[in-house]
Amino acid sequence: MENNGKQPRIGVYICHCGFNIAGTIDVNAVCEYAKTLPHVALARTYKYMCSDPGQEMIIADIAEHHLNRIVVAACSPNLHEATFRGALQRAGLNPYFFQMVNIREHASWVHDDRAAATAKAKDQVRAAVARVQFHKPLERKRFNVEQSVLVVGGGIAGITAALEIANSGKHVYLVEREPSIGGHMAKYDKTFPTLDCAACILTPKMSEVREHPNITLWTYSEVQEVSGHVGKFHVKVRRKPRFIDEDLCVGCMECVSACVYKEPKFEDEFNEGLGKRKPIFMPFPQAVPPVVTIDPETCLKFKTGKCKSPCATVCDRKAVNFDQTERIEEIEVGAVIIATGFKAFDATRLPLYGYGIYSNVYTSLEVERLVNSSGPTAGDIVCRDGRKPKAIGIIHCVGSRDKKTNRWCSRVCCMYSLKLAHLLREHTGADVYQFYIDMRCPGKGYDEFYERLLDEGIQMIRGRAAEVTDWTMTPEEEGKLVIRVEDTLSAYVRRVPVDMVVLSVGMEPAEGADEVRRMFNISCSKEGFFLEKHPKLAPVETATAGVFIAGCCQGPKDIPDTVAQAGAAAAHAVALLDKGYVEIEPNTAYINPDHCSGCKSCIPLCPYHAIVFDDGLKKARIDEALCLGCGTCVASCPSGSIIQNLFEDEQIFSEIDEVLSNV
Amino acid sequence: MSERFDPKIVAFFCNWCTYAAADLAGVARMKYAPNLRTIRVMCSGRIDPQFVLEAFARGADGVLIGGCHPGDCHYISGNYKCLRRFKLLKRLVQDMGIEPERLRLEWISASEGDKLRQVVNEFVATLATMPPLNLPKRFVEWDKEVAILREQVDAAHAQEEQQEVSTHA
Amino acid sequence: MPEKPKIAFYWCASCGGCEESVVDLAESILDVVAAVDIVFWPVAMDFKVKDVEAMPDKSILATMINGAIRTSEQEEIAHLLRRKSQYIIAYGSCAHLGGVPALANQFSREHILEYVYRKAPSVTNPAGTVPQPNWKDDGHQVTLPEFRHVVRALDQVIDVDYYLPGCAPSPKLLAAAVQALLKGELPPKGSVLAPDVALCDECPRKESKPTEVSFAEFKRPHEVIADPNLCFLAQGLICMGPATRSGCGAACITGNMPCTGCYGPPSRIKDQGAKILSSLSANVAAEDEKEIERILSGIPDPVGTFYRYGLARSLLRRRVDLKGNS
Ligand SMILES: Cc1cc2nc3c(=O)[nH]c(=O)nc-3n(C[C@H](O)[C@H](O)[C@H](O)COP(=O)(O)OP(=O)(O)OC[C@H]3O[C@@H](n4cnc5c(N)ncnc54)[C@H](O)[C@@H]3O)c2cc1C
Ligand code: SF4
Ligand code: SF4
Ligand code: SF4
Ligand code: SF4
Ligand code: FES
């Protein structure tokens, strides 16, 4: 047993955590019990172990009672292990002579039976006391931090984060999947609740990104592979060919006019399919970078090989390049911010609302484009059947708050529905009906905006719309779409005939979020949004050090919250880079060369290729800089020759034996 | 079995998913049976089949292994290695006469506090319908057949020594 | 002239191979034999238990006991020899770990007696007689040793000082052990007198093993003609070498058979079977559950494969649902 030549003298501390623990567990009984365990020199309870006085108590006891091992039974090690290790360090003890017992999250909070919870606490304390005797002094390893940051996703979240970091003097790689940055916000005309013009606030930021000397912008690109760890992530970015030399194109669009397709013919993604584009196109006039892209799926040159390619001829900068191929850029970054945003709910999943069945049923995103002065109709509200709507129904919570689709509230739909109601009424003078379950307008100026809309004469009908149908019952309904709903405020079933239906679709995790998550090794919540490290105290951090999240990829939210998160994530990244180094948990594995037989069984098991075969010694060896401490090889070595710091066999065996020793 | 019996379960949870799920269940104050004794490892890949056998040999009625869902392991693929070991270990344990229900592997992600609660309750309920495994007791029982002789030998030896002492005196 | 050190040999539940190995050795260490007095060796010389009982306690320098412990008689003699010897050396896999006889720990005593005396195809026993520990015959009380329920390794019955592993131990290791004994240069009590590194270390095929072995299929030795130069694991044949102590000089490998684990695990391991299971299964080349199961079905008898010599000393010791005493 390694203990600096000394017998272990263990101090055990049981935290009350106010009533959080003491309310369910008899902390005094646990403390008295701890005193009876071998090598325990002293045991105490205290109200809040993590508080300064709690830590000071440990530090004083270490000095006074010559303690050389500490066990704290309190909350989860994921919260306060670092705190207590810090206390040991300040007391001059190696911080790894410490073991934490989780009697709050894993006991007092989940059990009602006081006796059983107390017995559990005793068992786990006994195991920790046994285990800590086998602990060894360890050093944290330090690595330098690469002075650049990768931002994935160029919506308002990614743009904001990139600019914040670039302005602090660090280099940013901004990777966006689409031909232009801007994300969803670029599609909107106005933003709630102030109704300021989205383009007016977003476009300047987009240009700033383009011009910023500290930002490398790769659009039409995706992250392909990630390895390494905080401080030094090695990233491969795949840049899809846009068949245009980005450095040469100035966005004059001569090529677009010259295209053999005289009229735009293909579905325009940016306009949600409401408009048309040519095979060579710029998604929208303010696109950044302001360069065109050729879509090989629709371009004749690619499809038949027979096009004369007037686009290429007309470009005097010779920017068109049909031979362009995919390129892989490899970069090293110290931190990563993921800002991949959301995807709108697919309204065809709720056929009752008639989307894709009745032409005059629209999604909110489509309407965002319709009301936009630079949209497909230049802001003119004409329905697909050519009709100018006189009555419009907006149905809330489509694909939200619904067990059949998505359980969660998408947070922005109430507000943007009010915004769209205002804009539609402004553009058409139509009667606008809102079908809502609850109006959720928390936020600065949000409820006031709601009131303003009521004053504007928007009709509010409380009830989840049952269906949209063209089956009419009265002459007034003739030729109209009827929204059937139970008006829960007046308690009767209504039929509301309208010319146009707007479905306020909710938010879902972005397309490909799962791959992104796996690549960056972060978790997601049940619904698929990326999981923050702590819902309250670490909302932009993830369980993977050095990877931060911002915006709607973490969960539905509006632009102000998105921007605030982006700022927070940027601050985290900059702080990490400024510190200059990271310390890594010393829970890495190593091979004892005297024990290893060189059987090579462990080598293929390491996910990070940290194990190599030493051809001279004929034994395996672990490169500690690459090992992240999963312990897989340790569990596998058939001759027990690999040891994982902090998770040594004898430490774990002692825990097993002790949790069961009173059976 | 007439008496209600409280099965002892040793749980090996990976730090990033199932341990975190148990933390979450705590934060959400979900209530579940108090039978788990949890041992934290960084990844389910660290779980050595020896740990499982040791737990049974030391008196566990059940062993619960918790890791990240396939594809979600914090260390990329540790949970697949765990799964492969588990598959063969379960057969081995069964061949050794331990009911396969006593060894359980569950993928529980950091957000699935409720799944953790359900799994624990269900596992406890299953084990409670079975007789206690209590291997330490069985070992003692097995060894009674040799203990008798050992005691005789020791007693005879003690007697002889006694005699020696008295002769010398 | 000082008295020669006294040595004894005894056999319990074993095949006789270990005895054979000592005989094999006699020639090569004649001088050793000349240097000691063999005071008890039932397989080769005529001694009676009474002779041993008459010896003063601790008068034998060392006794090598081979074989597992299955009967009350074996136990009794083991206890007796323990008293009379300074050192007890568990000789060979069976005394060390239970050996092949301990595979019987998968079955109940009743099942075994029933099968061996009545059911086995080679048995003719019309009266269905089964040996009885006590029998009255013609007014005489006849006794037989009790057949225990559990097969045990030697140290599960008496205190053991050293272990000489192997089925059987290699002459080299035995010679070294005897030398150490005579010179009094013994390692700490409880040591296994073989290198604490796994077999691959001394295996002639080590070089041939690629670093990326993963298993898409497990084969059994009788199903293929093994490549005589390539590591068995690289051929999908289960080799216990990585979880087994070296010291045998890779005897089986040299005979083109994979290691079956007779030298037992290195000191760092509690359960040889669990460890080789861990290593082999972790390297199965599949992520899909069904496919994993299919590949692992190539190991139809994990207990028999991984605990061929070590069941008695494994963590579970025996099929746990079998009765202990009846
Ligand atoms: C109809 C509607 C109207 C709204 N109106 C308002 C409003 O008026 N006011 C308001 O405050 N909020 C409004 N919102 C909410 C607002 O859209 C969001 O808060 C905001 O867009 C979130 O920004 P983001 O950057 O997180 O995500 P996004 O805008 O979705 O941006 C994500 C970006 O990441 C890119 N990306 C995704 N995956 C990858 C990948 N794998 N690799 C590279 N790039 C990737 C995407 O292409 C996209 O450019 C509205 C939402 C909807 C649905
Ligand atoms: S598995 Fe163990 S013995 Fe085999 S090469 Fe790796 S460290 Fe060495
Ligand atoms: S513990 Fe082993 S398998 Fe895991 S990262 Fe380290 S070297 Fe690789
Ligand atoms: S696995 Fe077997 S055959 Fe291969 S190197 Fe090891 S001992 Fe030799
Ligand atoms: S190769 Fe294995 S089975 Fe064969 S003698 Fe050596 S240790 Fe025993
Ligand atoms: S980290 Fe959870 S299974 Fe690997």
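Two strands pair if DSSP finds at least two bridges between them. Helices here are DSSP runs of H or I with at least four residues, strands are runs of E with at least two, and both are numbered from the N terminus. Keep those two rules in mind.

This is a predicted model, where local features need pLDDT of at least 70, side-chain atom pairs count only at pLDDT 80 or more, and totals for chains, interfaces and linings use all residues. Residues are numbered from 1 along each chain as its sequence is written, chains are lettered from A and ligands numbered from 1 in the order in which they are written, and side-chain values use heavy atoms, with hydrogens and water left out.

Let's begin with a hairpin in chain C. Strand β6 (residues 134-137) and strand β7 (residues 140-143) of chain C run antiparallel and are joined by 4 bridges. Which residue of β7(C) stands opposite Lys136(C)? That is Gln141(C). The hairpin has 2 residues between its strands. Asp138(C) takes a positive phi there, near 60°.

Stay in chain C for a ligand. Around ligand 5 we find Leu199(C), Thr244(C), Cys248(C), Cys252(C), Cys259(C), Thr260(C), Gly261(C), Cys262(C) and Tyr263(C). To be near a molecule or strand, a residue needs a heavy atom within 4 Å of it. This shell divides into 6 nonpolar residues, 3 polar and no charged. Nonpolar means Ala, Val, Leu, Ile, Met, Phe, Trp, Tyr, Cys and Pro; charged means Asp, Glu, Lys and Arg; the others, Gly among them, are polar.

Now the shell of ligand 2, in chain A. Its residues include Cys596(A), Cys599(A), Cys602(A) and Cys637(A). Lys600(A) is there too. The count is 8 nonpolar, 3 polar and 1 charged.

On to chain A as a whole. It has 18 helices and 34 strands. The C-alpha trace spans about 90 × 70 × 40 Å along its principal axes. Of its 663 residues, 58% count as buried. Buried means under 20% relative accessible area, exposed means over 50%, and partly exposed lies in between, with a 1.4 Å probe and protein chains only. Now contacts, meaning heavy atoms within 4.5 Å. Among those in chain A with a separation of 6 or more, 70% join residues 24 or more positions apart.

Next, a helix in chain A. Which residues of α2 (residues 27-35) are buried? They are Val27(A), Val30(A), Cys31(A) and Ala34(A). Seen down the axis of α2(A), these residues fall within an arc of 100°, so they line one face of the helix. The arc is taken from the directions from the helix axis to the C-beta atoms. What do they pack against? Their partners are β1 (10-15), α1 (19-22), β2 (40-46) and α6 (114-132) of chain A.

Two sheets now. Strands of a sheet pair through backbone hydrogen bonds, either parallel or antiparallel.

In chain A, an open sheet of 3 strands has the order β24-β25-β26, with antiparallel pairing. β24 (465-469) and β26 (492-498) of chain A stand at the edges with a single partner strand each, so one side of each has no neighbour in the sheet. The twist averages 20° from one strand to the next. Angles run from 0 to 180 degrees between N-to-C directions, and axes are lines fitted to C-alpha atoms, for helices over the stretch in contact. β24(A) pairs with β25 (residues 481-487) of chain A over 4 bridges. There, Ala465(A) has Val485(A) as its bridge partner.

Chain B has a parallel sheet. It is open, with 4 strands in the order β2-β1-β3-β4. Its edges are β2 (36-41) and β4 (103-107) of chain B; each has a single partner strand, so one side of each is left without a neighbour in the sheet. β3 (residues 62-67) of chain B pairs with β4(B) over 5 bridges. Val63(B) has Leu103(B) as its bridge partner in β4(B). Helix α2 (residues 49-57) of chain B lies across β1, β3 and β4 of chain B, at about 150° to β3(B).

One residue to finish: Ile9(B), in strand β1 (residues 9-14) of chain B. Is Ile9(B) buried or exposed? Ile9(B) is buried, at a relative accessible area of 1%. Among the residues it touches are Leu36(B), Leu64(B), Phe123(B) and Leu127(B). Ile9(B) and Leu36(B) are 27 residues apart along the chain, yet their C-alpha atoms are separated by 4.9 Å.

Conventions. Lists of a residue's contacts leave out its neighbours within four places in sequence.
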